[in-house]
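Here's a quick briefing to read alongside the model. Have the structure open and follow along by topic.

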Amino acid sequence: MSTPSSHASNNTRRGSLSCVGLGMTLGSHLTPLARSHIEQADMVFAALSDGVVEMWLERMHPDVRSLQSYYQEGKSRMKTYRQWVEVIMREVRAGKRVCGVFYGHPGIFAWSPHKAIEVARAEGFPAHMEPGISAEDCLYADLGIDPGRFGCQHFEASQLLFYERRIDPAGYVVLWQVGLVGDRSLARFQTGPAYRQVLVDLLSRDYPLDHEVIIYRGATLPIEKPRVRRVALRDLPHVQVAVEETVVLPPAETLKPNLAMQERLEALDKAGA
């Protein structure tokens, strides 16, 4: 049985892995460092938003291999992501300099890059993640949100249903993958209004049903504009929400002063003076 050290020592040329982010908008978010990882690789694996972006990537490297074909209706996405890791690591173990290119940020809502880097490092190969501009970054800019003003919580929408989580309605709440909310199989590409109604029922514990929510999708092509829709919380089950869209709940309450903590801090200030 092979050991982590033997994988690297068996190759005359040691393999390596870099996972980089292409950003959200074609051509305008790629950093010089991410580009250099792509151009210097022996082969590139790509998990991108659409075929146009893949064609653009192919102008930077002659050997780009799309990972999109591993997706199939009714097939668990986790099985797909594990296959991505295996096909990437197969080339790393063969002594290749491999670059995995992912849309947005390679470490945000992306299981495979984290896992591939973990496996590569465990087997003794150099592995690196290079950040990219994410959907979250675009969301702050397009919606004019400063997460430091009131605070900002982020949840994968289904996680709110599967686990006991605390929501703070005095800050922003960002819900990802609402279009898939409630999918326990990891094999669907969409869930329907009944599933979003379950989410609304949960959120109604902390928000009035007439509270305005924002449905947001960032631009992926330079000719596009961000898509922003505003609906009442009660109407969320009745509008189409794509997997790529994000739901933002603005604050529903004002920040409440913590008088006890303020008194303690005031006492420290006086003692220090």
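How much area does the protein chain expose, and what share of it do carbon and sulfur atoms supply? The exposed area comes to about 14700 Å², with 52% of it supplied by carbon and sulfur atoms. Keep in mind that this is a predicted model. The chain holds ten helices and ten strands, and two open sheets of five strands are what we'll walk through here.

**The chain as a whole**

- Taken along the principal axes, the C-alpha atoms of the protein chain fill a box of roughly 65 × 60 × 40 Å.
- The protein chain has 273 residues, and 45% of them count as buried.
- Take the contacts with a separation of 6 or more: residues 24 or more positions apart account for 65% of them.
- On the charge side, there are 31 positive and 32 negative side chains, and the centres of the two sets lie 5 Å apart.

**The parallel sheet**

- One open sheet of five strands runs in the order 3-2-4-1-5, and its pairing is parallel.
- Its edge strands are strand 3 (64–66) and strand 5 (127–130), each of which pairs on one side only.
- From one strand to the next, the twist averages 20 degrees.
- Strand 1 (residues 16–21) and strand 5 run parallel and are joined by four bridges; for Ser18, the bridge partner in strand 5 is His128.
- Helix 5 (residues 111–122) lies across strand 1, strand 4 (97–102) and strand 5, and runs at about 155 degrees to strand 5.

**The mixed sheet**

- The other five strands make an open sheet in the order 6-7-10-8-9, this time with mixed pairing.
- Here the edges are strand 6 (152–156) and strand 9 (227–232), and each pairs on one side only.
- Ignoring direction, neighbouring strands in this sheet are turned by 20 degrees against each other on average.
- Strand 8 (residues 212–217) pairs with strand 9 in the antiparallel sense, over six bridges. Across that pairing, Ile214 has Arg230 as its bridge partner, and Arg217 stands opposite Arg227.
- Strand 8 also pairs with strand 10 in the antiparallel sense, over three bridges, with Tyr216 partnered by Thr246 of strand 10.

**Helix 6 on the mixed sheet**

- Which strands does helix 6 touch? Helix 6 (residues 135–143) packs on the sheet and touches strand 6, strand 7 (172–176), strand 8, strand 9 and strand 10 (246–249).
- The direction of helix 6 makes about 125 degrees with that of strand 8.
- Cys138, Leu139, Tyr140 and Leu143 are buried in helix 6.
- The buried residues of this helix pack against those strands and also against helix 7 (147–150).
- Right after helix 6 comes Gly144, with a positive phi near 70 degrees.

**Glu244 beside the end of strand 8**

- Where is Glu244 found? Look in the loop between strand 9 and strand 10.
- Glu244 and Arg217 sit 27 residues apart in sequence, yet their C-alpha atoms are 6.5 Å apart in space.
- Leaving out residues up to four places away in sequence, Glu244 touches Tyr216 and Arg217. Both also turn up in the bridges above: Tyr216 with Thr246, and Arg217 with Arg227.

Notes: Residues numbered from 1 in each chain as written. Predicted model: local features only at pLDDT ≥ 70, side-chain atom pairs only at ≥ 80, totals over all residues. Heavy atoms only, no water. Pairing = 2+ DSSP bridges. Axes fitted to C-alpha atoms, helices over the stretch in contact; angles between N-to-C directions. Contact = heavy atoms within 4.5 Å. Buried < 20%, exposed > 50% of the residue type's maximum accessible area, 1.4 Å probe, protein only. Areas by Shrake-Rupley, 256 points an atom, 1.4 Å probe, with all protein chains shown as cover. Lys, Arg positive; Asp, Glu negative; His and termini not counted. Charge placed at Lys NZ, Arg CZ, Asp CG, Glu CD.
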